[in-house]
Each structure stands twice: as C-alpha cells, then as structure tokens.
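Trainee: Could we go through this chain together? I'd like to know where the labels come from.

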Amino acid sequence: MAAYTRILITGAAGEIGSTLRAGLRGAYERLRLSDIRPLAPAEPGEETVQADLTDYAAVAALMQGVDCVVHLGGVPREAPWDAILPNNIAATYNVFEAAHRNGVSRIVFASSNHTIGYYRVGDEIGIEDPVRPDSRYGVSKVFGEALGRLYADKHGLSIACLRIGSFREQPGDFRQLSTWISPRDTVQLVRRCIDAPPFHFLVLYGVSANTRVRWRNPNAGFIGYRPQDNAEAHASRFPAPPAGGADPTVEFHGGPFCGLEFDGDVGRIE
Ligand SMILES: NC(=O)c1ccc[n+]([C@@H]2O[C@H](COP(=O)([O-])OP(=O)(O)OC[C@H]3O[C@@H](n4cnc5c(N)ncnc54)[C@H](O)[C@@H]3O)[C@@H](O)[C@H]2O)c1
C-alpha cells in the first residue's frame, strides 16, 4: 500500500482529471474528486464534491482527511486576466494554504510547459533554466511553482510541479511530436509522484518518451517515471513548418501561445 492513501483531485471533471479518475480507481483507499462543474456519481472508493476553488472555506473543507492533493483545477489555456487571476492564481494559493493548514503533506501541481515558452525550439531546456512564460496563463503556472517552493521550504510540504506538455489521445500537430504526453503516461506520472518516497521539491516535465523531446527531465528517473509512448509513431502526418523566420508560433517552445497578442520582435528574443 502506498504511503499516501487519501487523495484529493481538483479539476477532476476535466480532461486530465477524468483520465486520472479512471486510471487511479482502486489504487488508493479514497479518491476525493472535486470540480466547480458537476461530476459523475461516485463509485466505490470515491467521493465527489462540487466546490469553487476561489472560495477558501470550501477549499479548506476539501482538505479534511486528505494526505495528498493533485491540483489540476483552473483555466488550462491563455485567457483574460479576469479569468486567470481568480481561477489560477487565487485558487492555487487557496489550495496550497488550505493544504498546509489542514495537515496535507504532498501536493502534485499541474504546471505547464508554458512556464518556459519563450525559449528557442533549438535549445534543449531543463529544470534549472530561468522561467520564460509565454502568456498570462504561463505566469500563473510560474506563480504556482513559486508557491510550491515556498510551502516546501517554509512548511516542509513535499511538492511536485508537473510541467505538462500536450495531453491528448494522439499528437495533433508538428509541435506536439515533441510535447505530447499520452493518457497512460500521464496516469503513470501522477501515480509515481503520489507514491514516491519522501522528497522536498521537484519540477518534472510531463511528456511521453518522444524521440523529439526538447526538455531534460532528470527528476523523472528519480521518481521512477518510465513513459511508454512516443509521438514519433505519428510523425509522418505532420511535416516540419519552415523555421528560422519571424513566426513566434514556430520559433519558440510555447508554440501558439507565443503568438497570441504578440507585437514584440522575434529577432530580439535571444
Ligand atoms: N491539457 C494539457 O495539455 C495541459 C498542459 C499543461 C498543463 N495543463 C494543466 O492541467 C490542468 C488540467 O488541465 P485539463 O486539460 O484537464 O483542463 P480542463 O479544463 O479539462 O480541466 C480543468 C478543470 O478545472 C475546473 N475548474 C476551473 N476553475 C475552477 C474553480 N475555480 N474551481 C474548481 N474547479 C475549477 C474546470 O471546471 C475543469 O473541469 C490545468 O491546470 C492545466 O493548466 C494541462
């Protein structure tokens, strides 16, 4: 039996949450599944709780009797500040603070590759490189990682930040030949983070074993993550776009997010 047995998943009605719900069923004594949207009725070993993560009291109630949180809830893409501020920033603060105050000892936080979006695609990026968010969304994930560092250092929580690439059944474009993570690899990654022996603070890229991966992922080995899927099986469907130009959606790791509202100068981004 794993050390952590009572798991809360926020954002459990979403794409990744639904996959984890199915993939983790039966693996832990209790899965508490929460979302602002309605959830399918609880099965044995599950509890469902509809809650808005912007409401601190509701988040504190979610933490009762939980020892590990998988925090997925929030806006999963670029959005106006009015949506990012409450759902990604204030809500993530509520989750970390309520977890700490209620005795939760591990948080697995769904961060994003958009924390490092404005690096050039030709540069391999690790976990020590300074963040370069490509959007308000990316900034919100940097904030979440910083909260993780704070709660690990100041309060001794065990924190894993997953810089998830592109979660889908199959890669959907040329960029995703590098960034794709399959559903079964996602389940394995989250499971390894929940089950790993004590650790302080980890950043990991959430990516399958893609031949074209552009990220160094040293902590994957540490927690025993062994991805099984490789986007290369789909490579023939996605020819490379012309590179070396001024299109920010092609030149940088963050792809389309780098082009949104862009009125900078690609040539000046070193
Ligand atoms: N899907 C990807 O490829 C990908 C990549 C990088 C990071 N992520 C991150 O993983 C997480 C899950 O992504 P997803 O693709 O499943 O997104 P999703 O939109 O399908 O799921 C997110 C869930 O969060 C819930 N939510 C939003 N605001 C909330 C609030 N205030 N209170 C409670 N619940 C709220 C939504 O109702 C939704 O069900 C997100 O944090 C996202 O940023 C996803």
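Mentor: Sure, let's take the labels one by one.
This is a predicted model, where local features need pLDDT of at least 70, side-chain atom pairs count only at pLDDT 80 or more, and totals for chains, interfaces and linings use all residues. Residues are numbered from 1 along each chain as its sequence is written, and side-chain values use heavy atoms, leaving out hydrogens and water.

Trainee: What makes the chain as compact as a globular protein of that length?

Mentor: The globule rule is 2.2 Å times the number of residues to the power 0.38, and the radius of gyration is taken over C-alpha atoms. For 270 residues the rule gives 18 Å, and the radius of gyration of the chain is 18 Å, so the chain counts as that compact.

Trainee: How do you know what share of the residues is buried?

Mentor: Buried means under 20% relative accessible area, with a 1.4 Å probe and protein chains only. Of the 270 residues, 54% are buried.

Trainee: Why is something called a nonpolar core?

Mentor: Because it's a set of buried Ala, Val, Leu, Ile, Met, Phe, Trp, Tyr and Cys residues joined through side-chain atoms within 4.5 Å. The largest one here has 34 residues, and I7, I9, L20, L24, V70 and I194 touch the most other members. Helix α6 (residues 183–195) gives the largest share, five residues. A second, separate core of 32 residues includes A51, V104, Y151 and I159.

Trainee: Which residues does I9 touch?

Mentor: Contact means heavy atoms within 4.5 Å. Leaving out residues up to four places away in sequence, I9 touches L20, L24, L31, R32, L33, S34, V70 and L72.

Technical notes
Buried < 20%, exposed > 50% of the residue type's maximum accessible area, 1.4 Å probe, protein only. Helix = DSSP H or I, 4+ residues; strand = E, 2+ residues; numbered from the N terminus.
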